[in-house]
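Reader: Please take me through this structure by question and answer, and end each answer on the value or name I ask for.

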Amino acid sequence: MHINKYFKQLNIEPIAEIDIREKCEFANRAAMVIVDKFYDLDYLKIVDIIQHTQMYTAKIPNNLSPVNYSYLDGILYISEKLELDINNEFVLHEVIHRLQEYRNKKNKLLQLGLCDILETSIKGLALNEAAVQYIVKKVLNGENEIVEVYGMKIPTISKNYYPILTNLIEQMIFAVGENILVDSTLNSNNEFKYSAIDLMGESTYYEIQNNFDKIMDVKNQILKNENQTNVKENIDLIKRIYIETQHKILTSYFNKELKAVKDINQLKVFGDKLLKYRNLIGSDEGQALYDEYYKEMLNKIQEKEFSFQNRALIVVKENKIINVFNRIKNYIQKVIFQN
Ligand SMILES: [Zn+2]
């Protein structure tokens, strides 16, 4: 679509280009704030990209985000009502979109962080949105809190913007690691995807990626729907996909992890991790599924302990063996059977 026509459709009206001095100062501040939180990132590269991005103040209608980075013309549009301040959530979000833009020599857009732009389709858009929003909140020192979304209680770092997807990406980060997520999201490489595939399996990764996109699509349908038809069905659909995706991340990751456990110490680490994961689980139904899974895992942990015990009769100290199992058993009694 022709760029001017596109902006007319969105009703974004550019007012004036932002002064070069202001932009350079902003670029330095932005790089400082981002690298201060994630110090593996390249400060100079960030400054360079932001300095060479055209920025305009603009009239932006209320139904759009007050800051918009456009991939069509490579311009960052900022509402005239807003300061160019990197501590503003919307500004930072769009700056990250600018940083992750990856084009070939012919200027064709190929990748945006975790999102692949293919000839016929775009995959991973919602995964990328969640990753960007997670990074924004981390940079701005956000903290997790439990919010109510569609009647589900969900722990999330981003209560106003993509709360469900940000919770799910955090569950993936638990498995894959934050550094890899940040690197892949900002530098548009595939490390996050490859690591997630290693940890959860290839088909599972793509199912999760699709589910993220589905949640975002259905959410957009709810927002767009002026007649408010099918709203309940759509909300139920989001809930179902959320709970299913969460359980998929949990089970695929921990099933594979348990297989890799080689000794009693690793088993202890495994048990601790599984316990810790419960803090990320959203919705009562999700918690119930988690508890059921936990009970199943408890048997498997016990089996493993016995086999390690038999294999290393002399080496392993008995109190260590009893510790792992009892701690988990106590947890089960405390949390699950009291509910
Ligand atoms: Zn975005």
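What follows is a set of questions and answers on a predicted model.

Reader: How many helices and strands does the secondary structure of the protein come to?
Author: The model is predicted, and local features are described only where pLDDT is at least 70. The secondary structure of the protein comes to 13 helices and ten strands.

Reader: Of the 339 residues, what percentage count as buried?
Author: A residue is buried here if 20 or more other C-beta atoms lie within 10 Å of its own. Of the 339 residues of the protein, the share that counts as buried is 33%.

Reader: What share of the contacts with a separation of 6 or more comes from residues 24 or more positions apart?
Author: Contacts in the protein with a separation of 6 or more form the base of this figure. Within that base, residues 24 or more positions apart account for 58%.

Reader: In the open sheet with mixed pairing, which strands stand at the edges?
Author: This sheet has four strands in the order 1-2-4-3. An edge strand has a single partner strand, so one side of it is left without a neighbour in the sheet. That applies to strand 1 (13-17) and strand 3 (67-70).

Reader: By what angle are neighbouring strands of this sheet turned against each other on average?
Author: The sheet in question is the open one with order 1-2-4-3. With direction ignored, its neighbouring strands are turned against each other by an average of 35°.

Reader: Which residue in strand 2 is the bridge partner of A16?
Author: Strand 1 pairs with strand 2 (residues 54-59) in the antiparallel sense, over four bridges. In strand 2, A16 has as its bridge partner T57.

Reader: Which helix packs on the sheet, touching strand 3 and strand 4 (75-79)?
Author: The direction of this helix makes about 10° with that of strand 3. The helix spans residues 89-100. It is helix 4.

Reader: On which side or sides of helix 2 do its buried residues lie?
Author: Helix 2 (residues 20-37) has 18 residues and reaches 26 Å from its first C-alpha to its last, close to the 26 Å expected. Its buried residues are F26, A27, A30, A31 and I34. Because they cover an arc of only 130° around the axis, they lie on the same side.

Reader: Which residues are exposed on the other side of helix 2?
Author: The buried residues of helix 2 pack against helix 3 (43-51), helix 4 and helix 5 (125-139). On the other side of helix 2, the exposed residues are R21, E22 and D36.

Reader: Which helix gives the largest share of the largest nonpolar core?
Author: In soluble globular proteins, nonpolar side chains tend to be buried together. The largest nonpolar core here has 69 residues, and those with the most contacts inside it are A30, A130, A131, L165 and I169. One of these, A30, is in contact with I46, I50, I86 and V95, leaving aside its neighbours within four places in sequence. The largest share of the core, ten residues, comes from helix 5.

Reader: Which helices do the buried residues of helix 7 pack against?
Author: In helix 7 (residues 178-187), the buried residues are L181, V182, S184, T185 and L186. The helix is followed by S188, whose phi is positive, near 45°. The buried residues of helix 7 pack against helix 4, helix 5, helix 6 (163-176) and helix 8 (191-200).

Reader: In the sheet with order 5-6-7-8, which are the edge strands?
Author: This open sheet of four strands has antiparallel pairing. An edge strand in it pairs on one side only, and this holds for strand 5 (101-103) and strand 8 (122-123).

Reader: Which residue takes a positive phi near 70° in the hairpin of strand 5 and strand 6?
Author: Strand 5 and strand 6 (residues 109-112) pair over three bridges in the antiparallel sense. E101 has L112 as its bridge partner, and R103 has L109. The hairpin has five residues between the strands, and the one with this phi is N107.

Reader: Which residue in the turn between strand 6 and strand 7 has a positive phi?
Author: Strand 6 and strand 7 (residues 115-117) pair in the antiparallel sense over two bridges, and Q111 has D116 as its bridge partner in strand 7. Two residues lie between the strands of this hairpin, and the one with a positive phi, of about 60°, is G113.

Reader: Does Y294 count as buried or exposed?
Author: Y294 is found in helix 12 (residues 284-311). It has 21 C-beta neighbours inside 10 Å, so Y294 counts as buried.

Definitions and conventions. Residues numbered from 1 in each chain as written. Predicted model: local features only at pLDDT ≥ 70, side-chain atom pairs only at ≥ 80, totals over all residues. Buried ≥ 20, exposed ≤ 12 C-beta atoms within 10 Å, placed from the backbone. Contact = placed C-beta atoms within 7 Å. Pairing = 2+ DSSP bridges. Expected span 1.5 Å × (residues − 1). Arc of directions from axis to C-beta. Axes fitted to C-alpha atoms, helices over the stretch in contact; angles between N-to-C directions. Core = buried A, V, L, I, M, F, W, Y, C linked by C-beta atoms within 7 Å.
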